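Reader: I have a model on my screen and a list of labels for it. Walk me through what earns each label.

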Amino acid sequence: MKVLAKQVRHNSAESRGVRWDGHVDNMRRQNEKELEDPAMSYPDYYLKPFHAYETGNLEWLAAYEVQPATYAMGIRTFKDKQHWSGDQCFVELRSRITDAIKSYHTRHGLPLPSRIADMGCSTGMSTQWLAEQFPQAAAITGLDLSPYFLAVAEERWVRSAPITYVHGLAEQSPFSDSSLDMVNFNFVIHECPQAAIESFIRESSRILRPGGVLAFVDNNPRSATIQNLPPAIFTLMKSTEPWSDEYYSFDLEAAMRAAGFKEVVTLETDHRHRCVMGIRP
Ligand SMILES: C[S@@+](CC[C@H](N)C(=O)[O-])C[C@H]1O[C@@H](n2cnc3c(N)ncnc32)[C@H](O)[C@@H]1O
């Protein structure tokens, strides 16, 4: 089942010109975990196999394959746009998310964020995107629990951008109290149990300044596309993500409101994904 799930992602990426195997071969020289915190204690939920990698996010092959796998997600979303490349699908998917975040700021009279955390930044694709989309930002920190992913992020890092990467836990982050304007979790929480998501919300409330924005971007449990997936495909999708049942049954908006966030809304960014935002009072 897991091998099949991986093959589906691989084939859909290659069908739009993403050279999966060639990319991985090019990456293989990247094998120094310079940002690793050797004292890091990994939560049990993180030590499960993910995405058909036996050691989950804690291995080199998983890190090398992040980029084509991320393109595969965009390609799956814009299946009908046969002439779009993997990169075009990525840009469309991410632009809609950024538009949702910017319009939320405008609607609530908030200035665009200057100090941003990209929690679960993986190999930095979301962090670099944020840096391009929020050019006014003074500091963007990509935080991730996988030192392998961070090694790849460091390698592809455009050093002129206001980006820093850190090996850390999103639920116990190194940021000081009230120090950030926006905290983003892009495609992280479908990989986490409910207790961890609740901790992310609490931690975000601590590190955001009053008026700061918390944004969770992920699969939309209310999406007709996801709800109408044939059971076999849904099972295939879940076979490589051990916590997805917890994610799909979690009331994220209610948890954010219960933690004190105001103006909590869900915006559909495309037919599969949503952006849930709230403001720290
Ligand atoms: C699907 S990837 C997200 C990719 C990226 N943000 C994007 O938008 O393309 C999920 C990431 O969350 C990270 N992650 C999961 N739990 C975490 C935690 N508790 N603290 C920090 N990072 C975590 C994983 O290591 C992985 O890199």
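Author: Below, each label is set against its cut-off. The model is predicted, so local features need pLDDT of at least 70 and side-chain atom pairs count only at pLDDT 80 or more, while totals for chains, interfaces and linings use all residues. Residues are numbered from 1 along each chain as its sequence is written, and side-chain values use heavy atoms, with hydrogens and water left out.

Reader: Why is serine 126 called buried?

Author: Buried means under 20% relative accessible area, exposed means over 50%, and partly exposed lies in between (1.4 Å probe, protein chains only). Serine 126 has a relative accessible area of 9%, so it is buried. Serine 126 is found in helix 6. Helices (H or I, at least four residues) and strands (E, at least two) are DSSP runs, numbered from the N terminus.

Reader: What makes helix 6 mostly covered?

Author: Helix 6 spans residues 125-133, and 7 of its 9 residues are buried. Among them are Met125, Trp129 and Leu130.

Reader: What does serine 126 contact, leaving aside its neighbours within four places in sequence?

Author: Contact means heavy atoms within 4.5 Å. With those neighbours left aside, serine 126 is in contact with Arg94, Asp118, Cys121 and Asn186.

Reader: How do you know that serine 126 makes a polar contact with the ligand?

Author: A polar contact is a pair of N or O atoms within 3.5 Å; within protein, one must be able to donate a hydrogen and the other to accept it, and residues adjacent in sequence count only if both atoms are side-chain atoms. A polar side-chain atom of serine 126 lies 3.0 Å from a nitrogen atom of the ligand. That meets the cut-off. Asparagine 186 has a backbone N or O atom 2.9 Å from a ligand nitrogen. For tyrosine 46, a polar side-chain atom lies 2.5 Å from a ligand oxygen.

Reader: Which residues are the closest to the ligand?

Author: Tyr45, Tyr46, Arg94, Asp144 and Glu171 are the closest of the 21 that surround the ligand. A residue is near a molecule or strand if one of its heavy atoms lies within 4 Å of it.

Reader: What makes strand 1 and strand 2 a pair?

Author: Two strands pair if DSSP finds at least two bridges between them. Strand 1 (residues 115-119) and strand 2 are joined by 5 bridges and run parallel. Arginine 115, for one, has alanine 139 as its bridge partner in strand 2. From strand 1 the chain crosses through helix 6 to strand 2, in a right-handed β-α-β crossover. Right-handed means that, with the strands pointing away from the viewer, the path from the first strand over the helix to the second runs clockwise.

Reader: Why is strand 2 called largely enclosed?

Author: In strand 2 (residues 139-144), 5 of the 6 residues are buried, so the rest of the structure largely encloses it. Strand 2 also pairs with strand 3 (residues 163-167), in the parallel sense, over 5 bridges.

Reader: Why does histidine 51 count as buried?

Author: Its relative accessibility is 15%, so histidine 51 falls under the cut-off of the buried class. Histidine 51 lies in the loop between helix 2 (20-27) and helix 3. Its side chain makes a polar contact of 2.7 Å with that of glutamate 241. Another, of 3.3 Å, joins the side chains of histidine 51 and glutamate 191.

Reader: What about tyrosine 64, buried or exposed?

Author: Buried, because its relative accessible area is 4%. Tyrosine 64 lies in helix 3 (residues 60-64).
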